[in-house]
Amino acid sequence: MRRFDRLVRIRRMDPYREATDIYRLSVAYEFPWDFTRALELALYRTYAVPSIGRLLARTAELTERTQKRYDDTSLLLDAVVEHGFGSDRGKTAIRRINQMHRAYDISDDDMRYVLCTFVVMPKRWIDAYGWRRMSRHEIVASAVHYGTLGRHMGIKDIPETYEEFETCLDDYEAAHFAWDPDARRVSDATLDLMASWYPRPLAPLLRTTTLALLDDPLLHAFRYTPPSPATRAWVRRAVRLRGRAVRLTAPRRAPHFARQNWEIKGYPYGYRLADLGTRPVPGLRGCPVRQAEATGTEAG
């Protein structure tokens with residue numbers, strides 16, 4: 001197999017009818033490392049919306065159980081990608097996602113914005129740092145895949161095209177990014193988690209490297225001191241060089257899913273999808289609803 005053979009295959013597929021199949025090829029074969037980094041940053045930037053950051057701080061999931069929250073989010077979202085919406089495992093993952101989210105008073109606007117980050121941030125990351133840019137088929141398939149996920153989650157007024165997702169994201173961030181001390185605590189805990197995956201002496205360097213990959217509105221919302229222009233240029237050039245190096249290697253022959261990422265630390269002996277995530281208790285840590293409501297409903 002040659003480096004661009006899988007892209008040729010993707011371009012022969014229907015990005016609407018085979019959206020998840022195309023998205024799976026992109027995530028698990030073409031750009032597994034890039035999608036992992038991009039989706040990490042996608043979720044991270046949502047903390048800069050105070051209503052999201054404050055809720056995450058109240059639940060303490062991202063300040064006291066940061067690794068578990070990272071693991072569970074990655075595993076649940078990726079189960080849908082690996083197995084599809086109609087599979088038993090895909091339905092179980094969506095059911096768990098819905099049970100958790102429906103236990104909290106989350107606005108539809110915030111839910112829609114988070115969905116937008118999953119569509120927009122990977123394209124922006126891969127276009128900047130990947131071994132090639134995303135094709136139009138992959139872009140359309142990503143929007144269709146996450147539009148389907150959003151409908152399974154009951155989100156209203158979901159954008160229909162990538163361009164609409166992008167406009168929704170940019171407009172929402174311009175209107176809502178703001179300083180919040182609780183959101184900053186969640187951000188700091190997440191940066192600490194990312195640094196913890198590497199030897200301790202590297203922590204300051206890794207924090208600076210991560211900050212160098214963030215855009216100015218995000219840095220300003222969290223009140224981080226921006227890295228120097230030279231540091232930013234060095235870090236971004238290094239990540240781009242990694243993408244160019246990947247382009248010279250043989251294409252991946254076996255899929256790599258999130259459950260195979262070494263950053264997933266919490267389940268050395270395996271896990272059951274139905275056991276992942278939180279079990280919110282009404283009246284505690286931001287959970288306002290009755291237990292009957294907190295159980296959620298079956299994914300369709």
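This is a short tour of the structure, stop by stop, with something to select at each one.

Before you start, note that the model is predicted, with local features needing pLDDT of at least 70 and side-chain atom pairs counting only at pLDDT 80 or more, while totals for chains, interfaces and linings use all residues. Residues are numbered from 1 along each chain as its sequence is written, and side-chain values use heavy atoms, with hydrogens and water left out.

**Stop 1: the main core**

Select Tyr44, Leu115, Trp125, Phe165 and Phe222, the residues with the most contacts inside the largest nonpolar core, which has 72 residues. Such a core is a set of buried Ala, Val, Leu, Ile, Met, Phe, Trp, Tyr and Cys residues joined through side-chain atoms within 4.5 Å; buried means under 20% relative accessible area, exposed over 50%, and partly exposed in between, with a 1.4 Å probe and protein chains only. Now add helix H7 (residues 108-129), which supplies the largest share of this core, eleven residues. Helices here are DSSP runs of H or I with at least four residues, numbered from the N terminus.

Stay on H7 and pick Leu115, which is buried, with a relative accessible area of 2%. Beyond its neighbours within four places in sequence, Leu115 is in contact (heavy atoms within 4.5 Å) with Tyr146, Leu149, Gly150, Ile155, Ile158 and Phe165. Phe165 in turn touches Leu115, Cys116, Val119, Val120, Ala143, Gly147, Ile158 and Pro159, leaving out residues up to four places away in sequence.

There is also a second, separate core of eleven residues, and Ala19, Ile22, Tyr29 and Ala141 are among them.

**Stop 2: helices H2 and H8**

Select helix H2 (residues 19-30), whose twelve residues reach 15 Å from first C-alpha to last, close to the 16 Å expected at 1.5 Å a residue. The expected span is 1.5 Å times one less than the number of residues. Eleven of the twelve residues of H2 are buried, including Tyr23, Arg24 and Glu30. Show helix H1 (5-11), H3, H5 and H8 as well, since the buried residues of H2 pack against them.

Move on to H8 (residues 136-152), where 17 residues reach 25 Å against an expected 24 Å. H8 is largely enclosed by the rest of the structure, because 14 of its 17 residues are buried. Just after H8, click on Gly154, which takes a positive phi of about 80°.

**Stop 3: an open pocket**

Select Arg37, Tyr198, Thr209, Thr210 and Leu213, the closest to the centre among the 16 residues that line the second largest pocket. Its volume is about 390 Å³. On a 1 Å grid over the protein atoms alone, a pocket is an open set of points with protein on both sides within 12 Å along at least five of seven lines, whereas a cavity is a set where a 1.4 Å probe fits but cannot get out; lining residues have an atom within 4 Å of a point. Grid points are joined across faces, edges and corners, and a volume is the space filled by probe spheres set on the points.

Helix H3 (32-46), helix H10 (181-196) and helix H11 (203-212) each give two or more residues to this pocket's lining, and H3 gives the most, with four.

**Stop 4: a closed cavity**

Finish at the largest cavity, with a volume of about 60 Å³. Its lining includes Ser74, Asp78, Glu82, His83, Arg89, Arg259 and Tyr271. Helix H5 (residues 66-83) gives the most to that lining, with six residues.
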